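Good morning, colleagues, and thank you for joining. Please bring up the sequence and the structure, and I shall take you through them one region at a time.

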Amino acid sequence: MSEAILRIENLSIGYDAGICQIHALRSATLEAHAGEVIGIVGESGCGKSTLAAAIINLLAPNAIINSGSIYYQGTDIFSLNKDAQRKLRGQDIAMVFQDPMTTFNPVLTLGDQLIDFQQHLEGVSISEKRIRATNLLARVGIPDPSLCMKRFPHELSGGMRQRASIAAALLMQPNVLVADEPTTALDVTMEAQIIHLLRELRSDYQGAIIVVTHHLGVVAELCDRVYVMYAGQVVEQGLVDDIYHAPKHPYTSALIACDPAHFEEHTPILPTIAGRLPDLMNPPQGCSFAARCVLANELCRTTVPPWVKISQTQSALCHKASQ
Ligand SMILES: Nc1ncnc2c1ncn2[C@@H]1O[C@H](COP(=O)(O)OP(=O)(O)OP(=O)(O)O)[C@@H](O)[C@H]1O
Ligand SMILES: [Mg+2]
């Protein structure tokens, strides 16, 4: 496989919470290659957005990078100065947010903003920028892109706004596109349309796409490889097929067992994984999932699990994975 465009090594990030720290991300390691779509899945609060925010360099002000590195095309982005980091964000690494209003300023037309987002392009006239933006709006499936350029963000439906924010991200021709829950704010029909759009983009997009989601269904439809997160840690990684058909971490198995796609439409109560996430201010001594794991024994509760390599493409952070 080619050299990774993005490589995250042992990244640990906490949030300053006064007298203590919330250990939102612990020793996360991940890589993304050109042309790949990576999924990051896990329950609410497991650190997915913290990881995404670190990649795009938009961490909350109270975030503390405790250790680790993020390499973009071999350069450690934490070692860059603020200007270089800002340039990277947007031009090389772009983000699609859950709420598209995060991308847009409500008091400016989409056209003005999409032109403004191209300010770094030297030697390109305003009218050329307008054409580029209009073409991209058409590319993401906006029916009347010229009219859309004249609209204010609130004049579009949620689905159209999300399409426009994907166009905004693609305007920069980024090498890495990070989408944090891009469909969560949408209804089921719109969600299907946005997934369809991202699938289409896959074929003509050269970079890596990283999709953060709660939905295993989104991962199955869109991704090549998956990183499963639990309590701030990546606990399993592998090809989509590995993860769906032969999960090795009991947390991955539990997530799959709870996936609504496995149930008849009329199932009144969807199963959830019993128990709660551990306290991230004081993470457990052994395996983070031990308290909820049906297979856990004394070793799991007391000793940090090793990374077990299952195959060339799959590994799991679990004492039991090698058995
Ligand atoms: N700015 C912050 N200050 C303090 N704690 C935070 C902050 N941002 C996130 N957290 C905490 O860090 C942990 C990880 O949060 P994060 O948003 O990364 O999870 P997530 O997997 O994206 O969750 P969700 O699926 O709900 O979006 C959670 O316990 C969360 O409450
Ligand atoms: Mg999140």
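I shall begin with strand β3, which is joined by five bridges to β8, residues 208-213, the two strands running parallel. Within that pairing, G39 has V211 of β8 as its bridge partner. Please keep in mind throughout that this is a predicted model.

β3 also has a second parallel neighbour: four bridges join β3 to β9, residues 225-230. Here I40 is paired with Y227 of β9.

How many of the five residues of β3 are buried? The strand covers residues 37-41, and five of its five residues are buried. In a regular strand, side chains alternate between the two faces of the sheet. In β3, V37, G39 and V41 point one way, while I38 and I40 point the other way, and all are buried.

β3 leads us to helix α10, since the buried residues of α10 pack against β3, and also against α8 (216-222), β9, β10 (233-239) and α9 (240-245). The helix spans residues 250-257 and is mostly covered, with six of its eight residues buried. Those residues are P250, Y251, T252, A254, L255 and I256.

Let me turn next to a single loop residue, Q314. Where does it lie? Q314 is found in the loop between β11 (307-309) and β12 (315-317). Why does Q314 count as buried? Its relative accessibility is 4%, and the cut-off for a buried residue is under 20%. The side chain of Q314 makes a polar contact of 2.8 Å with the side chain of E236. Leaving aside residues up to four places away in sequence, Q314 touches E236, Q237, G238, D242, A246, P247, K248, V308 and K309.

A further sheet deserves attention. It is an open sheet of four strands, in the order β2-β1-β4-β5, with antiparallel pairing. Its edge strands are β2 and β5 (75-76), each of which pairs on one side only. Between strand β1, residues 6-17, and strand β4, residues 63-72, there are eight bridges, and these two strands run antiparallel. One of the bridge pairs places Y15 opposite A63 of β4.

Finally, I come to ligand 1. Which residues come nearest to it? There are 16 residues around ligand 1, and S44, G45, K48, S49 and T50 come nearest. By character, the shell divides into six nonpolar, seven polar and three charged residues.

β2 (20-32) and α1 (48-56) each supply at least two residues of this shell. Helix α1 gives the most, with three residues.

Three polar approaches to the ligand may be inspected individually. At S44, an N or O atom of the side chain is 2.4 Å from an oxygen atom of ligand 1. At C46, a polar backbone atom is 3.2 Å from an oxygen atom of the ligand. At N62, a polar side-chain atom lies 2.9 Å from a nitrogen atom of the ligand. As for overall cover, ligand 1 has 640 Å² of accessible area on its own, and the protein covers 67% of that.

To close, I would ask you to retain two points. Strand β3 runs parallel to both β8 and β9, and S44 is among the residues that come nearest to ligand 1. Thank you for your attention.

Key
Residues are numbered from 1 along each chain as its sequence is written. Chains are lettered from A and ligands numbered from 1 in the order in which they are written. This is a predicted model: local features need pLDDT of at least 70, side-chain atom pairs count only at pLDDT 80 or more; totals for chains, interfaces and linings use all residues. Side-chain values use heavy atoms; hydrogens and water are left out. A residue is near a molecule or strand if one of its heavy atoms lies within 4 Å of it. A polar contact is a pair of N or O atoms within 3.5 Å; within protein, one must be able to donate a hydrogen and the other to accept it, and residues adjacent in sequence count only if both atoms are side-chain atoms. Accessible areas come from the Shrake-Rupley method with a 1.4 Å probe; for residues, only the protein chains shown count as cover. Ala, Val, Leu, Ile, Met, Phe, Trp, Tyr, Cys and Pro count as nonpolar, Asp, Glu, Lys and Arg as charged, and the others, Gly among them, as polar. Buried means under 20% relative accessible area, exposed over 50%, partly exposed in between (1.4 Å probe, protein chains only). Two strands pair if DSSP finds at least two bridges between them. Contact means heavy atoms within 4.5 Å.
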